[in-house]
Amino acid sequence: MYLTYPGHSCILLEGSRRILIDPFIPSGELPPDADLICVTHAHADHLGETVTLKKPTVAPNELAKYLIAKGVPAEALNIGGGITVDGIHIVMTQAIHSSWLEDAGGGYYGGSASGYVIRMDGITVYHAGDTALFSDMKLIGDLYHPDVALLPIGGRFTMGPDEAMIAASYIGAPLVIPIHYNTWEKIEQDPIRFKNAIEKTTDMKVAVLAPGDRIDLSDTKGITI
């Protein structure tokens, strides 16, 4: 299975299916022809082009209802629930964050923010979404044993690098990939400092990806970026 990082929090997983998570990038084009979209929450920098793409979409319950009203074939999930779509098993996890739909003037509540554990072709990927650090991340590690953890490190609107280091230790995935940083000045961080701190103190590897980078997840411990 391959993972491509288009930028910000957007991730493309390519295996037996093409799964696009949080289809927003501030510049450039989204990868074409996704089979399935997963949206973590309603903020515009995560919902992105979901309505325009109109692909089968998994989303938090209230957001899914909004998408269905917009003509998107959406499947609703809630935190702790799971669904299998075309042989891909998806579990919705907690994320400590807000969620707001910027529609209808001032907008309105977009349902709970979430993360996802996605299992495809024998590889398990945890996308934390936008979140603060929370101790139940230990349970995500204990229950699902992710091979890859995608963690926000931008600070201000999510956890920063120090908190994400603790999150990585809780989850225990052999490969960690930082996301949701350096898109704008308010979330500027040094991902190399994050990488060095984790790799000097644990057996985990950190892949710092530039927008457009693509890696093979078949050997999560052997990846060097």
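The paragraphs below lead through the sheets, the helices and the aromatic contacts of this structure, which is a predicted model.

A first subject is the open sheet whose 7 strands follow the order E6-E5-E4-E3-E2-E1-E16, with pairing that is mixed. Its edges are formed by strand E6 (74-77) and strand E16 (213-216), each of which pairs on one side only, and from one strand to the next the twist averages 20°. At the E6 end of the order, strand E5, which spans residues 57-60, pairs with E6 in the parallel sense over 4 bridges, and within this ladder Val-58 stands opposite Glu-75 of E6. Helix H3 lies across E5 and E6, and its direction runs at about 130° to that of E5.

Another open sheet, again of mixed pairing, is built from 7 strands in the order E7-E8-E11-E12-E13-E14-E15. Here the edge positions belong to strand E7 (82-85) and strand E15 (205-206), and each of these pairs on one side only. Inside the sheet, strand E12 (residues 123-127) and strand E13 (residues 148-152) run parallel and are joined by 3 bridges, with Tyr-126 standing opposite Ala-149 in E13. Helix H4, made of residues 137-144, packs on this sheet and touches strand E8 (88-94), strand E11 (114-120) and E12, while its direction makes about 165° with that of E12.

Helices also pack against each other. Two packed helices are described by the angle between their axes and the distance between the axes. For helix H5 (residues 161-171) and H6 that angle is about 35°, and the axes are 10 Å apart; the crossing of H5 and H6 is right-handed. On the H5 side the contact is made by Pro-161, Asp-162, Ala-164, Met-165 and Ala-168, and on the H6 side by Arg-193, Phe-194, Ala-197 and Ile-198.

The side chains add a further layer to this picture, as the structure holds 2 aromatic pairs. Phe-24 and Trp-184 form a tilted pair, with 6.2 Å from centre to centre and 40° between the planes; the pair counts as tilted because this angle is neither under 30 degrees, as in stacked rings, nor over 60, as in edge-to-face ones. The two residues come from distant parts of the chain, 160 residues apart: Phe-24 is in the loop between strand E3 (18-21) and strand E4 (36-38), whereas Trp-184 is in the loop between strand E14 (175-179) and helix H6 (191-201). Phe-24 has a relative accessible area of 18% and is therefore buried, the limit being under 20%, whereas Trp-184, with a relative accessible area of 39%, is partly exposed.

The other pair, Tyr-66 with Tyr-108, is edge-to-face, with 6.4 Å between the centres and 65° between the planes. This pair too links distant parts of the chain, since Tyr-66 is in helix H3 (residues 61-69) and Tyr-108 is in strand E10 (residues 108-109), 42 residues apart. Tyr-66 is buried, because its relative accessible area is 13%, while the value of 34% for Tyr-108 makes that residue partly exposed. The helix that carries Tyr-66 is H3, the one that lies across E5 and E6.

A contact between a charge and a ring completes the account: the charged end of Arg-214 sits over the ring of Tyr-2, at 4.0 Å from the centre of that ring.

Definitions and conventions
Residues numbered from 1 in each chain as written. Predicted model: local features only at pLDDT ≥ 70, side-chain atom pairs only at ≥ 80, totals over all residues. Heavy atoms only, no water. Phe/Tyr/Trp six-rings, centres within 6.5 Å; stacked < 30°, edge-to-face > 60°. Buried < 20%, exposed > 50% of the residue type's maximum accessible area, 1.4 Å probe, protein only. Lys NZ or Arg CZ within 6 Å of the ring centre and 35° of its normal. Pairing = 2+ DSSP bridges. Axes fitted to C-alpha atoms, helices over the stretch in contact; angles between N-to-C directions. Contact = heavy atoms within 4.5 Å. Left-handed = near helix turned anticlockwise from the far one by under 90°.
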